[in-house]
Amino acid sequence: MSFQIKTFEEYQDAYQRSVKDPEQFWGEIADNFFWKRKWTNVLSWNFKEPDIKWFEGGKVNITENCLDRHIYQYGDKPAIIWEPNDPTEAHRILSYKQLLNKVEQFSTVLKNNNIRKGDRVCIYLPMVPELVIAVLACARIGAIHSVVFGGFSAQSIADRINDATCKLVITADGGFRGTKVLELKSIVDDALMQCQSVEKVIVLTRSRTPIAMLKGRDVWWEDEINKVETQGNPPCPAEEMDAEDTLFILYTSGSTGKPKGVVHTTGGYMVYTGYTFANTFQYAPGDVYFCTADIGWITGHSYIVYGPLSQGATSLMFEGVPTFPDAGRFWDIVEKYKVNILYTAPTAIRSLMAFGDSFVEGKDLSSLRVLGSVGEPINEEAWNWYNEKIGKGKCPIVDTWWQTENGGHLITSIAGVTPQLPGYALLPLPGVQPCLMDENGNEIEGNDVSGNLCIKFPWPGMLRTTWGDHERCKQTYFSTYADKYFTGDGCYRSPEGYYRITGRVDDVLNVSGHRIGTAEVENAINMHSDVVESAIVGYPHAVKGQGIYAYVIAHHHIDAEKTRQDILQTVTRIIGAIAKPDIIQFVDELPKTRSGKIMRRILRKVAEDDLSSLGDTSTLQDPSVVDAIIQGAEKIRQA
Ligand code: WT7
């Protein structure tokens, strides 16, 4: 890992070089990867269109970088360690050699099922090694994967499949999460009633839940593998991909109702995830690295699969939940596998903290060397607990700020290399040029200032477009400020020049580290036949970070409690249980301006129980609406 930064001076030097001559800088880093043919041009870009190309002319396959090139040196080294949901079930370890064999086998299965370069494949699997195998097999033959998190509903899957016109779905009979069984295949069956493009479904055996298998459409994963074995396991060479060929689509929520398919391409994403993985966490050969995310989110794509594997790391994946069989599960796993690097989310830390220290006490966490945090700002109390109880005060904590659209870490401390400060993502990684903007579109220079966070120069891991709708990509990220990528986050820069992310400045919520658009939840609620109108805002939640607060106007004849339950059920159906409101308040009216716009600021203040700064309500159509809402909120708090 010759591009690893080891000291703060080296960081400063790398940063300077990356700004002075980005092409030279990234070209040298990209030289650490295996290219079938070298690029002719490191970077061409404009943020107007946007049109961004990294390593143009380069030919590459990311799976050769994640698998083949490690075989000589690391063939027998564990690539994936898998810890099952149920600790009494056997764990699994796949060496690099074994993982490559399985990826080649399944690549052949994909080809046998008529999947070719450029075809889209939807993956809806639990956190089992076959999920990694399926993802890499797609990448090996140049098929574009679209992984959908196992918590999404049939409707959400259908929307994503249709948007990308997927030809194939890979799923399992069911999945285990704590004490629950997720009926994955049955949910896929519901989704597919709305999907014309899907020709085949490959079904992995996991839970042995009874399922329907449709003749001509559904095939078993194991049967397909058997066929390949009977053919004598022919090798499956890696497809030659252009650096700018699409590697995957991953859907994420924004301020409109419809999730967008963020598109990442091959070469830049590979270089960026590998570089940031090695640097942020200071991975050392032999380390066991444990990221607790689900591969259904970008964190899992970049920092369970591609980043660690391209660096020859041992990546531990966990099928279950942090509280099963009890709230000590993470610490059992750390002890069992002697985990050196742990990467998790503030919401998980807060939830485990609430169970008390007894679940940590007596666990041997002495292997831990580096701790990471991702997904939302980490509050000081959680930071201190993580530092003292888990890190025993001796592990650097890296607070990694980034987004689905970014591909990898943008602003983060580097373990043991840069300073660290609770609540601060700290400093931009080399190649990342952040700036703070005011409402008038001017850059705010200097320190001890706050503004909207933008990035003014491309980095290799950034999104290239949103699937099927380039205009939307342009509008969402590149139009708010001329020639800048707008993150949607607010940010403070301290007197020392350190960055502290203060949260979203748009209508996007961050619930347990998951991004949820308020418009999306409103649309789902409004589908309920008793609902006239609704407005969603976030409010501070002790464990989730943000909770979902719904103001709902419903028809008068209703039974409030029943309607509440029905609304929750509706949201679960339309989006998934992750988007269920924590609080539903029925109201007669919503506070609207004379032009009919909902004044969310007021709703937010009421939800936060912060009435001191309600602001001017005189521009409302009917200011008395606010008093009624305040009284209603008061009642809910008392109940
Ligand atoms: C949003 C992106 C890619 C990470 C997983 C979430 C918030 C993320 C941090 C952090 C403060 C953070 C931002 C960002 N966020 N990490 N370390 N500190 N805020 O990815 O679903 O694309 O959400 O999560 O608000 O915009 P995502």
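Pro 50 sits in the loop that links strand E1 (41-46) to strand E2 (51-56). The model is a predicted one, and this loop is a convenient place to enter it. The peptide bond between Glu 49 and Pro 50 is cis, with omega at about -10°. A second cis bond is found between Phe 324 and Pro 325, where omega is about -5°. Pro 325 also belongs to a loop, the one between strand E17 (314-318) and helix H12 (329-337). Strand E2 holds another backbone feature: Phe 55 lies in this strand, and Phe 55 has a positive phi of about 60° although it is not a glycine. Such features are worth listing because most residues other than glycine have a negative phi, and most peptide bonds are trans.

The helix pairs come next. Two packed helices are described by the angle between their axes and the distance between the axes. Helix H1 (residues 8-20) packs against helix H2 (residues 22-30) at an angle of about 120°, and their axes are 5 Å apart. Angles of 65 to 115 degrees count as roughly perpendicular, and the angle of this pair makes H1 oblique to H2. On the H1 side the contact involves Ala 14, Arg 17, Ser 18, Val 19 and Lys 20, which meet Pro 22, Phe 25 and Glu 28 of H2. Sorted by class, the residues where H1 meets H2 are four nonpolar, one polar and three charged.

Helix H5 (residues 96-112) and helix H9 (residues 221-230) form another pair, with axes that come within 9 Å and cross at roughly 100°. H5 is therefore roughly perpendicular to H9. From H5, the residues in contact are Gln 105, Phe 106, Thr 108, Val 109 and Asn 112; from H9, they are Trp 221, Glu 224, Ile 225, Val 228 and Glu 229. Five nonpolar, three polar and two charged residues make up the contact of H5 with H9.

Further along the chain, the axes of helix H13 (residues 346-354) and helix H14 (residues 380-390) come within 10 Å, crossing at roughly 75°. That crossing angle makes H13 roughly perpendicular to H14. H13 contributes Ile 349, Arg 350, Leu 352 and Met 353 to the contact, while H14 contributes Glu 381, Ala 382, Trp 385 and Tyr 386. The contact of H13 with H14 has six nonpolar and two charged residues, and no polar ones.

The remaining topic is the ligand. There are 17 residues around the ligand, and those that come nearest are Asp 399, Thr 400, Thr 404, Asp 489 and Arg 515. Helix H11 (298-310), strand E20 (397-400) and strand E26 (499-504) each supply at least two residues of this shell. By class, the shell divides into six nonpolar, six polar and five charged residues.

Which protein atoms lie 2.6 Å and 2.8 Å from an oxygen atom of the ligand? At 2.6 Å the partner is a polar side-chain atom of Asp 489, and at 2.8 Å it is a polar side-chain atom of Arg 504. Gly 375 takes part through its backbone, with an N or O atom 3.1 Å from a nitrogen atom of the ligand. On its own the ligand has 550 Å² of accessible area, and the protein covers 95% of that area.

Note on methods
Residues numbered from 1 in each chain as written. Predicted model: local features only at pLDDT ≥ 70, side-chain atom pairs only at ≥ 80, totals over all residues. Heavy atoms only, no water. Axes fitted to C-alpha atoms, helices over the stretch in contact; angles between N-to-C directions. Helix = DSSP H or I, 4+ residues; strand = E, 2+ residues; numbered from the N terminus. Parallel < 35°, antiparallel > 145°, perpendicular 65-115°, else oblique. Contact = heavy atoms within 4.5 Å. Nonpolar A, V, L, I, M, F, W, Y, C, P; charged D, E, K, R; others polar. Near = heavy atom within 4 Å. Polar contact = N/O pair within 3.5 Å; in protein donor to acceptor, adjacent residues only side chain to side chain. Areas by Shrake-Rupley, 256 points an atom, 1.4 Å probe, with all protein chains shown as cover.
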